[in-house]
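Biologist: I have a model open and want to learn how to read it. Can we go through it feature by feature?

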Amino acid sequence: MTRPTAKEIKAMADVAGVPVDADVAARIANSIGPAFDGFAAIAGTLPFDLEPSTFVVVQTAKAKR
Amino acid sequence: MSTEPALMSLTSVAQAIADKRVSSREVTQSCLERIARWQPHLNAFMAIEAEAALKAANAADAALAQGGRRGALHGVPLAHKDMYYEEGHVVTCGSRIRRDFVAATTSTALQRLKDAGTIRLGSLQMAEFAYGPTGHNSHYGPVHNPFALDRITGGSSSGSGAAVAARLTFAALGSDTGGSIRMPAHFCGVTGLKTTVGRVSRAGAMPLSQSLDTVGPLARSAEDCAVLLGLMAGADPADPTAVAGPLPDFAAATTGSIKGLTIGVPTAFYVDDLDAEVAGVLDATIAVFKREGANIVQVDLPDQRQLTGASQLVLAVEAAAFHKRWMIERPQDYGPQVLMRLQNGLAVPAVSYLEALRWRGPALAAYLAAVSDVDALIAPVSPIPAPTIAESDVGNGADAEAVIQQLTRFTRPINYLGLPALSIPSGFTRDGLPVGMQLVGRSFDEAMLLRIGAAFQRATDFHDRVPRLP
């Protein structure tokens, strides 16, 4: 996963209906970039059948201890 | 009994009122007197409702005189983070946008405490829309740490941490989406319980992130947190995510010994780059657990940085979605830092957001496998004690997010995993600043954390230290 550039963020914000100027887009890129870096090793590796609801299944499974 | 009823614990004062050793009016008056002395220094309250509180206290006393004890906390005055809706009351959410918002309903958590007999002192300050970990608020000013007035309280439950620490309220509701209960508990020297996602209904609580938001108490002890959790937890028709099923006796859990329990210490991440005094408190805390008979083992955890990244992606998108309308219509009414952080959500593609949600199950499973041999994990809440208000006032500057992430790097992974965590006062720095440690448990095993926390508090007195006005 690559972090979005300020130019890409400006376009995304426009599409979202919350336009931002170039300075704000640059600040957003700097601010959210580390989150993409942190998740990079996971992005694009998840198995096909994995549902978000798996979290609840794991959470409510009986504890081992 | 203390000469100042406000200095009693929640459980003690509730029993004293029930036994008619002290009246609700005397207790409420004692809290109001402390509030009058401390509020000019702390800015902990958003609203103080003295007249209404005394009227409610009189009514509680009259009911008790006629044998009408409403519940376990009959006549106990409390104040809560100003994001819990209470019908007919202004709920600002720490914002300019909701400065005049009057709630039409009452939140389930708050209603359950009211049903137990509590009365309202007013409402407590907080970070704007609960989106800030320091205690700064550009609309209402920063909340000051009762142990050092030039220091931050932590946030977002800033007023809750300060008011409980200064003994202005016996306990307070907070909320924890990225550390917002544990941070003020750590910085202010009080006990804070971040509950498992799904343990307490979120109906009527201001939303920030539907996947990560949790409701929980800040109080003076694990025992007090246990009483509050027992009253609030459980299913709620108004919030389908609140899990049904039998509840443990949380209060009974606090009487248990920790002899023979196993407490894990992470080998990495949570012990990296710690302030020397925080590291010292961690070591001392572990020593107390050993002395009380617990086994201490090292635990290798999965890469926690990935959890932090996933947590940020989820929170950024969900917060932006909740706020989108106001971001379009009223951007000028947000504080600069909150608007900046809300705008972060615009930069996350939907596929990335959903990947972060899809990974949550396997990430939790991997974590639980790593801790399968321990009853709880011990870790610092934050790598540092409270910084000054001035040095942490980073606004929307280029390094603002980095400062925020540094403060919250030990809390965010736990939110992503939805796990419970109990922050307990564990020591003080040489300068007198509180330091808290978090006990992290398995999903829905708050009882274990409360048991360990209460045992630690029977062996130490950090939670009993009361700040003094300069």
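Modeller: Yes. Keep in mind that this is a predicted model. Let's begin with a helix pair in chain B: α4 (residues 108-115) and α7 (residues 222-232) pack with their axes 8 Å apart, at an angle of about 110 degrees.

Biologist: How are α4(B) and α7(B) oriented, roughly parallel or roughly perpendicular?

Modeller: Angles of 65 to 115 degrees count as roughly perpendicular. α4(B) and α7(B) are therefore roughly perpendicular to each other. From α4(B), the contact uses A109(B), R112(B) and L113(B); from α7(B), it uses L228(B), L231(B) and M232(B). Five of these contact residues are nonpolar, one is charged and none is polar.

Biologist: Next, a strand. Which way do the residues of β7(B) point?

Modeller: Look at residues 191-194 of chain B. T191(B) and L193(B) point one way, G192(B) and K194(B) the other, and all are buried.

Biologist: Which strands pair with β7(B)?

Modeller: One is β8(B), residues 215-219, antiparallel to β7(B) and joined to it by two bridges. There, A219(B) stands opposite T191(B). Another is β12(B), residues 421-428, also antiparallel, over three bridges. S423(B) in β12(B) is the bridge partner of G192(B).

Biologist: And the interface between the chains? How is its size given?

Modeller: Often as the accessible area lost when the parts come together. Here, about 3,400 Å² is buried between chain B and chain A, with 66% from carbon and sulfur atoms. Chain B brings 45 residues to the contact and chain A 38 residues.

Biologist: Which residues of chain B lose the most area to chain A?

Modeller: L346(B), A347(B) and R358(B). Together they give 20% of what the chain B side buries.

Notes
Residues are numbered from 1 along each chain as its sequence is written. Chains are lettered from A and ligands numbered from 1 in the order in which they are written. This is a predicted model: local features need pLDDT of at least 70, side-chain atom pairs count only at pLDDT 80 or more; totals for chains, interfaces and linings use all residues. Side-chain values use heavy atoms; hydrogens and water are left out. Axes are lines fitted to C-alpha atoms, for helices over the stretch in contact, and angles run from 0 to 180 degrees between N-to-C directions. Helices (H or I, at least four residues) and strands (E, at least two) are DSSP runs, numbered from the N terminus. Angles under 35 degrees count as roughly parallel, over 145 as roughly antiparallel, 65 to 115 as roughly perpendicular and the rest as oblique. Contact means heavy atoms within 4.5 Å. Ala, Val, Leu, Ile, Met, Phe, Trp, Tyr, Cys and Pro count as nonpolar, Asp, Glu, Lys and Arg as charged, and the others, Gly among them, as polar. Buried means under 20% relative accessible area, exposed over 50%, partly exposed in between (1.4 Å probe, protein chains only). Two strands pair if DSSP finds at least two bridges between them. Buried area is the accessible area (1.4 Å probe) that two parts lose on being put together, summed over both.
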